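Please look over the sequence and the structure shown below before reading on. The notes after them are grouped by topic.

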Amino acid sequence: MADKIKDAKIIFVVGGPGSGKGTQCEKVVAKYGYTHLSSGDLLRAEVASGSERGKQLQAIMQKGELVPLDTVLDMIKDAMIAKADVSKGFLIDGYPREVKQGEEFEKKIGAPALLLYVDAKSETMVKRLMKRGETSGRADDNEETIKKRLDLYYKATEPVITFYEGRGIVRKVHYATLGSDL
Ligand SMILES: Nc1ncnc2c1ncn2[C@@H]1O[C@H](COP(=O)(O)OP(=O)(O)O)[C@@H](O)[C@H]1O
Ligand SMILES: Cc1ncc(C[n+]2csc(CCOP(=O)(O)OP(=O)(O)O)c2C)c(N)n1
Ligand SMILES: [Mg+2]
């Protein structure tokens, strides 16, 4: 089964919370027809299913912490296999969150061709997330959890960008180019 995705074209999409990862991915999907897989969306779907595992995930996500690596990697891998036959390539949005996640992905699935880095100022991200929280219904779009997600982003996820810069595959997109008013 995993053979089906061995040669798939993979693009990691990395950026802070509310930087515009999902928004940017929709644009790439519209233009290039890649398959968009958001780790956060996959996890929220598991929470919405009401499963026992979903309840554990919900508690972690509500605190703005990272869910266990194996859980999120297995979910992404299953979703990739399910779409392998109809997919020109994959946008992996919200993964890797830490260098170790990138290393495990490469061991179990394959290497990314590109890393799309969606850049935004922290104050912009906070403003957007507070606004999104008014309608998103997301348990983590509140002031306290936003702060924790931002801290974790700078501590654990920014090193991912440095890691892949060393390989020359990072392309940066700034939030202003997303056509947003914030
Ligand atoms: N790759 C991942 N590893 C661990 N946890 C993750 C990962 N992706 C998402 N999560 C969990 O889901 C939450 C929401 O993620 P996500 O939807 O990507 O948020 P945002 O797009 O606002 O940055 C994270 O705070 C974390 O708890
Ligand atoms: C009408 C309106 N204007 C501005 C915003 C602010 N806003 C909230 S999130 C967002 C973009 C980032 O969202 P997303 O692409 O989901 O970012 P991700 O967390 O996936 O990186 C913007 C512009 C809003 N929610 N609604
Ligand atoms: Mg998102």
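The points below cover the ligand, two annotated sets of residues, and a few single residues.

This is a predicted model. Ligand 1 sits in the largest pocket, and 20 residues surround this ligand. UniProt gives two lists of positions under "binding site", both from an unreviewed entry.

**Ligand 1 and its surroundings**

- The residues closest to ligand 1 are S39, R44, E65, Q101 and R149.
- Helix α2, which covers residues 39–48, supplies the largest share of the shell around ligand 1, with 4 residues.
- In the side chain of S39, an N or O atom lies 2.7 Å from a nitrogen atom of ligand 1.
- V67 takes part through its backbone: one of its polar backbone atoms is 3.2 Å from a nitrogen atom of ligand 1.
- An oxygen atom of ligand 1 has a polar side-chain atom of R132 at 3.0 Å.
- On its own, ligand 1 exposes 560 Å², and the protein buries 96% of that area.

**The UniProt set that includes S19**

- This "binding site" set, from an unreviewed UniProt entry, consists of G18, S19, G20, K21, G22, T23, R132 and Y175.
- From this set, G18, S19, G20, K21, G22, T23 and R132 belong to the lining of the largest pocket.
- R132 also appears among the ligand contacts, with a polar side-chain atom 3.0 Å from an oxygen atom of ligand 1.
- S19 is placed in the loop that runs between β1 (10–15) and α1 (21–32).
- Is S19 buried or exposed? S19 has a relative accessible area of 0%, which is under the 20% cut-off, so this residue counts as buried.
- The side chain of S19 reaches the backbone oxygen of G16, at a distance of 2.8 Å.

**The UniProt set that includes P96**

- The other "binding site" set, again from an unreviewed UniProt entry, lists S39, R44, E65, L66, V67, G94, Y95, P96, R97, Q101, R138 and R149.
- These residues do not all gather at one spot, because they span 111 residues in sequence and their farthest two C-alpha atoms are 24.0 Å apart.
- Within this set, G94, Y95, P96 and R97 are part of the lining of the largest cavity.
- P96 is in the loop between β3 and α5 (99–108).
- P96 is buried, with a relative accessible area of 1%.

**The loop between α4 and β3**

- Both D85 and G89 are found in the loop between α4 and β3; α4 covers residues 69–83 and β3 covers residues 90–93.
- Which of the two words, buried or exposed, fits D85? With a relative accessible area of 67%, which is over the 50% cut-off, D85 counts as exposed.
- G89, by contrast, is buried, with a relative accessible area of 0%.
- The side chains of D85 and K4 are joined by a polar contact of 3.5 Å.
- D85 and I5 are 80 residues apart along the chain, and their C-alpha atoms are separated by 8.9 Å.
- G89 and G33 are 56 residues apart in sequence, while the distance in space from C-alpha to C-alpha is 8.1 Å.

Terms used. Residues numbered from 1 in each chain as written. Chains lettered and ligands numbered in written order. Predicted model: local features only at pLDDT ≥ 70, side-chain atom pairs only at ≥ 80, totals over all residues. Heavy atoms only, no water. UniProt positions renumbered as here; feature names shortened; annotations may be inferred. 1 Å grid on protein atoms, 1.4 Å probe; cavity = no way out; pocket = protein on both sides within 12 Å on 5 of 7 lines; lining within 4 Å. Helix = DSSP H or I, 4+ residues; strand = E, 2+ residues; numbered from the N terminus. Buried < 20%, exposed > 50% of the residue type's maximum accessible area, 1.4 Å probe, protein only. Polar contact = N/O pair within 3.5 Å; in protein donor to acceptor, adjacent residues only side chain to side chain. Near = heavy atom within 4 Å. Areas by Shrake-Rupley, 256 points an atom, 1.4 Å probe, with all protein chains shown as cover. Sits in = over half its atoms within 2 Å of the grid points.
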